[in-house]
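Reader: I am new to this structure and would like to go through it with you. Could you show it to me first?
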2 protein chains.
Amino acid sequence: MGERHIPFDGPHQAGVLAPPAAQGWFAAFDLTKGATPARVKELLRTWTRDARLMTTGRAPSGDDSMALGHGPSSLTITVGFGASFLRSLGAPVPGPLEPLPVFPRDRLDARRGDGDIGVLLTADDAVVAAHALRALVRTARGTADVRWQMKGFNAIEGVTVKRGTTPRNLMGQVDGTGSPRPDDPGFDASVFAGPESDPAWMRGGSYLVFRRIRMLLDEWDVLPRVRQEQVIGRRKDTGAPLSGGTEFTAFDLGRQRADGGLAIGPGAHVRQASAAANSGAVILRKGFSYFDGYRADGTPDAGLLFLAFQSDPRNAFTRIQQRLALADELSRFIVHESSALFAVPPGVTHPAAYLGQSLVEAL
Amino acid sequence: MGERHIPFDGPHQAGVLAPPAAQGWFAAFDLTKGATPARVKELLRTWTRDARLMTTGRAPSGDDSMALGHGPSSLTITVGFGASFLRSLGAPVPGPLEPLPVFPRDRLDARRGDGDIGVLLTADDAVVAAHALRALVRTARGTADVRWQMKGFNAIEGVTVKRGTTPRNLMGQVDGTGSPRPDDPGFDASVFAGPESDPAWMRGGSYLVFRRIRMLLDEWDVLPRVRQEQVIGRRKDTGAPLSGGTEFTAFDLGRQRADGGLAIGPGAHVRQASAAANSGAVILRKGFSYFDGYRADGTPDAGLLFLAFQSDPRNAFTRIQQRLALADELSRFIVHESSALFAVPPGVTHPAAYLGQSLVEAL
């Protein structure tokens, strides 16, 4: 079973455009000391071969049988490169991969951030994600080791919620409604490095910002629902904007209530995050809830693994986050605890091609 | 969606006999200082009411909307009491709830073991489990706080694997084939406290042993497959015993290979864990794989949340584990890191009844 299959090959890596997945696992790797460009090339070639196998439900050689009988189960494997990876290989670091600024209220744990290589694994089933991660780590031995690893979850589309349902986050809020869709005008330019962009190896690729965002759920929970809705700017039950309509109705940011106040308040999350408030900045978002038990202070260690794909973070995530960290009322209820930035090269479209090939073969 | 529904009401709590679930979350609570029997009674009454709602896809009052639209998604909520709970309430501790002995090779973390109350949540969907846990924790505030919390996973039956498939653990081994089935002779006597048993409040209940068992996956992985199969006593691909047949064929522990050696070796896990080797001891097992990232030494913090239900651990889990810790070849590849023991009272069969009622109303 687990027949759902998301093609690995294509102009873009599959994890960028795949629909919301029940499981989102992320691993960052660092190159081992003395890893040569030849070893790195071999690793990317092997990862590409094995990812192609596992995403069609086949096992790589030396398999541990962990996911025997599971089928592809919508597995995607998406690989990105950190600035430190390029420096290690002596390659220039593209402008969009320059370190993110430190944002107000950031409380980042460096041990769980950054990394030479980042891999996003998504699947219907945690066993399939665990199996694929183990396989990639085994292959990497001697060339790259895990630096940090996290995992998150969503509802299972078509099983526990209707297909096409926007996920709810742990705050109970519909989360991702406003994310752009591939048929939106300008989508490709917002998300993918274009055919003229520099460096050439990133053409068709995307820049991925990863943030582990802890939610202060106990503080959020005690807010009355009407206040929660004001903080977000959407109704909690339907996800409809407070300016009216249904979940996918466009915001009317100027709309006034009967008392003259703005229907969507000045500090509402959706206003502060909107393209209109950020000179048109757009990110393609993915979110996975995480729940890692309880901290010593009794609060849940839980929140959102937030991923944003874009053609240039300087004009997108960074611009939006600089605003949110200061003006978004939601920022009082969340803490950014990890951060990483990766250049996700384009997909592969030829059976002999491998991820990152045009980067590493130019070294 | 998520229409699958496992009835909450019944002579036994639903988590004992429910089929393998994709998500297994466990939380242990400690009573807050000064929690009175009246408060505890109120907590159990409220938990019962809310569990009944959530297991049919309805929301308790003051709900956070986290799982809105998910349906019951096979949710079960099963509550047990630790010896410390009974002592706090001035109730006698039944013999089967006496502390487990320390077993050879145990490396237990006391902060992640034991607890006054243990709650097992199982569901198809992690969002549904997280939502139910949050709801129980919210209700408990002022009476009980989370002591520790862990979560594990399996394949999704009927979605990523065929319904009725025995789960595979992270070692890639089919795990749970030999667990008894309700129609086996003697099942009820092995699993449930009988109608004459003492104390009366446990009649129809079961004793639950919880163990967090880390797997030394990197060491396991480098064993040749044939050696892995000898350690377990089953084939890796099909789960069939090395004495022949298919997954559910009974072991032939005396069967010899052509070279005269035992087909299932003297130290094989299935031999050492068998009822025959343990004076007939039988446990009803549940397992959930966990994968909590990587440890500082680079090894995965991963393994099995192991749960065993039985009518008396002294004649069941304890007897088996004393043997396994010494003689089981598998014991070299696993580490028991947490341990807890709970008395799981019977289920409720009347709308006004609540879990643990006959215990707390006798106080």
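Reader: What turn and shift lay chain A on chain B?
Author: Chain A can be laid on chain B by a turn of 180 degrees and a shift of 0.0 Å along the axis, with an RMSD of 0.0 Å. That is the relation of a two-fold axis. The superposition is by least squares on the C-alpha atoms of residues with pLDDT of at least 70 in both copies.

Reader: Where do these coordinates and labels come from?
Author: This is a predicted model, in which local features need pLDDT of at least 70 and side-chain atom pairs count only at pLDDT 80 or more, while totals for chains, interfaces and linings use all residues. Residues are numbered from 1 along each chain as its sequence is written, and chains are lettered from A and ligands numbered from 1 in the order in which they are written.

Reader: How many residues does each chain bring to the contact?
Author: Chain A brings 42 residues and chain B 41 residues, where contact means C-beta atoms, placed from the backbone, within 7 Å. On the side of chain A that touches chain B, S4(A) gives the most, with six residues.

Reader: Why do the copies meet through the same surface?
Author: They do so because 98% of the interface residues of chain A are also interface residues in chain B.

Reader: Changing topic, what span should helix H2 of chain A have?
Author: Its 18 residues, 37-54, should span 26 Å at 1.5 Å a residue, and the end C-alpha atoms are 25 Å apart, which agrees. The expected span is 1.5 Å times one less than the number of residues; helices are DSSP runs (H or I, at least four residues), as are strands (E, at least two), numbered from the N terminus.

Reader: And what covers the buried residues of H2(A)?
Author: The cover includes strand S2 (76-81) and helix H4 (126-140) of chain A.

Notes: Two residues are in contact if their C-beta atoms, placed from the backbone, lie within 7 Å.
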